[in-house]
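Here's a quick walk through the fold, starting with how the strands line up and ending with how far to trust the coordinates. Have the viewer open as you read.

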Amino acid sequence: MTSDIDLWNSEAPAFDEAPDHGLLDPDVRDAWRDLLLGVLPSAPADVVDLGCGTGTLAVLLAAHGYAVDALDFSPAMVRLARAKVDAAPARVRVVVMVWPHRRLRHLASRCRRAAAPRSALLRPW
């Protein structure tokens, strides 16, 4: 049986090829930017990207003035996210780290409960 970590590690090399993951299409990128900036507090603000994958949304938000902590339990995804952050403009401030799977799910659950009255963005996996 493949673990969640193994699954996401195997998905990492091609992850950004999906339109909503790599945001390579300018129209898709703009749609994500508009969606997120429309519901987040104005920058500068601190944002946590739980399950950041390759860091595309973390870099997008950081480019708009947010301080982003990007967490994922897949070491392969985190490696790609770090590379993306390193290639971004100097003003981008993103901290990317691997978090244990159970802790990440627990943190996501707590965030959902805390944000439920204010946000439709946080959804269970």
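Let's begin with one pair of residues: Asp46 has Ala67 in β2 as its bridge partner. That pair belongs to a parallel pairing of β1 with β2, held by five bridges. To get from β1 to β2 the chain passes through helix α4 (residues 56–62), and this β-α-β crossover is right-handed. On to the next pairing: β2 also runs parallel to β3, again with five bridges. Here you can look for Leu71, whose bridge partner in β3 is Met97.

| Strand pair | Direction | Bridges |
|---|---|---|
| β1 (residues 46–50) and β2 (residues 67–72) | parallel | five bridges |
| β2 and β3 (residues 94–98) | parallel | five bridges |

Zooming out, the protein has six helices and three strands, and along the sequence they come in the order α-α-α-β-α-β-α-β-α. Of the contacts with a separation of 6 or more, 58% are between residues 24 or more positions apart. Buried residues account for 30% of the 125 residues. The exposed surface comes to about 7,800 Å², with carbon and sulfur atoms supplying 57% of it.

Now, how much should you trust? This is a predicted model, with an average pLDDT of 82 and 74% of the residues scoring at least 70. Among the elements, helix α3 (residues 26–39) has the highest mean pLDDT, 94, while helix α6 (residues 101–115) has the lowest, 62. Residues 117–125 fall below 50, and this stretch has 11 contacts in the model beyond near neighbours in sequence. Where pLDDT is low, the predicted coordinates shouldn't be read in detail.

Definitions and conventions
Residues are numbered from 1 along each chain as its sequence is written. This is a predicted model: local features need pLDDT of at least 70, side-chain atom pairs count only at pLDDT 80 or more; totals for chains, interfaces and linings use all residues. Side-chain values use heavy atoms; hydrogens and water are left out. pLDDT is the predictor's confidence in each residue, from 0 to 100. Helices (H or I, at least four residues) and strands (E, at least two) are DSSP runs, numbered from the N terminus. Contact means heavy atoms within 4.5 Å. Buried means under 20% relative accessible area, exposed over 50%, partly exposed in between (1.4 Å probe, protein chains only). Accessible areas come from the Shrake-Rupley method with a 1.4 Å probe; for residues, only the protein chains shown count as cover. Two strands pair if DSSP finds at least two bridges between them. A crossover is right-handed if, with the strands pointing away from the viewer, the path from the first strand over the helix to the second runs clockwise.
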